[in-house]
Amino acid sequence: MFIYAGDELARYGFGEGHPLGPDRFYAFWNALQSSDLITKATIKTPIQGHKVDALLFHTADYVQRVQDLSEIGEGMLDSDTPVIPGIFTIALTVVGTVLDAIDQIMHGNTRQAFVPIAGLHHASRSASAGFCVFNDCGIAIEALRQRYATQRILYIDIDAHHANGVFYAFEEDPDLFFIDVHEDGGSLYPGTGSTTESGKGSARGTKLNIPLPPGATDELFFSNWSRITEFMEKHRPEFIIFQCGADSLAGDPITHMQFSTEVHFQTAKMLQHYAKKHCHGRILALGGGGYNHDNIANAWAQVIRGLLCE
Ligand code: TV7
Ligand code: ZN
């Protein structure tokens, strides 16, 4: 497994006082370095991305807007996402690193990769949203299609927030299989992701939204387990993208979910088993949200542990 680590990824954030602040990466990295997991993975340096990479998913007008605001160095991209000086380059580092992970997997240099900080699932093709400047999840899907002719992709997301940026961009795409367990839109941003949103047109039935009430525990998560595994067996994806946000754990300051890291461990382990059978082992894991620093360290470590299972 390749794990991407370096100060370049840590720069993605909006400063003190913002939930997506400066120390999230190091919460993960410091814990990983003092655990046995580090000996079982290959550590890779983040890779700078370029404008063309963002254009795989985003509109030219939007990418240009980020570049212009980045130079000005102040203001807001949206009400949750401040402009910081250099945000264009910083956000493109997340993108470049995710694309490097895909290259490494598709060239057979590794089967699994984990990119902390990535998993910025709220940005739409033409706008930022909810702390997300470039949607590396959507970019990853487009890159697999356009650069590696990989059509049938599973995007699975256990971040507390609904992956609206991914969902609406591929709502009519019959080959993008989508599973998202999240806190119900009635109590949490962005408000979308109801059970009835299952894909449109020829894509009907290719999306599985599982909203859970605030306070949902492991028991409620695992009561949906067979729906998830049956959905995967039915659609047979050939590549898995796993957004493993840590903000669905108890103790997160901006959500109301009560999962333990068992959810992250068991999901990673199940995906790893599935991928070994049907996807040449190919899994790209993206860190996603998480605003309690101990939870970030614990959740992402359990994801790595799950992916390393036989
Ligand atoms: C993937 N929750 C991202 C999750 C994005 C959540 C929200 C905040 C927040 C923003 C701040 C801030 C905050 C303490 C928390 C309806 C609003 C309320 C802006 C203040 N403190 C991910 C986005 C979510 C910004 N947005 O899925 C600057 O919390 O609830 C909202 C929207 C309007 C805008 N206001 C918040 O985990 C990575 N924002 C402090 C400073
Ligand atoms: Zn989140």
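What spacing do the donors of the zinc ion (ligand 2) follow along the chain? They follow the pattern D-x1-H-x85-D, and the report below sets this site in the predicted model around it.

## Basis of the model

In this predicted model, local features need pLDDT of at least 70 and side-chain atom pairs count only at pLDDT 80 or more, while totals for chains, interfaces and linings use all residues. Residues are numbered from 1 along each chain as its sequence is written, chains are lettered from A and ligands numbered from 1 in the order in which they are written, and side-chain values use heavy atoms, with hydrogens and water left out.

## The zinc site

The zinc ion (ligand 2) has as its protein donors D159 (OD), H161 (ND1) and D247 (OD), which lie 1.9 to 2.1 Å from it; donors are N, O and S atoms within 2.8 Å of the metal (3.2 Å for Na, K and Ca), and sites may look incomplete because water is not among the atoms. D159 sits in the loop between strand 6 (153–157) and helix 7 (164–169), whereas D247 sits in the loop between strand 9 and helix 10 (261–278), so that this pair, 88 residues apart, links distant parts of the chain.

D159 is buried, with a relative accessible area of 2%, and D247 is also buried, at 0%, where buried means under 20% relative accessible area, exposed over 50%, and partly exposed in between (1.4 Å probe, protein chains only).

## The sheet

Eight strands form an open sheet with parallel pairing, in the order 2-1-5-10-9-6-7-8. Strand 2 (42–44) and strand 8 (207–212) stand at the edges with a single partner strand each, so one side of each has no neighbour in the sheet. Strands are DSSP runs (E, at least two residues), as are helices (H or I, at least four), numbered from the N terminus, and two strands pair if DSSP finds at least two bridges between them.

Strand 6, which precedes the loop holding D159, pairs in the parallel sense with strand 7 (residues 176–183) over five bridges, and I153 has L176 as its bridge partner there. Both faces of strand 6 are covered, with I153, Y155 and D157 buried on one side and L154 and I156 buried on the other. Strand 9 (residues 239–243) runs parallel to strand 10 (residues 283–286), joined by four bridges, and I241 stands opposite L284 in strand 10.
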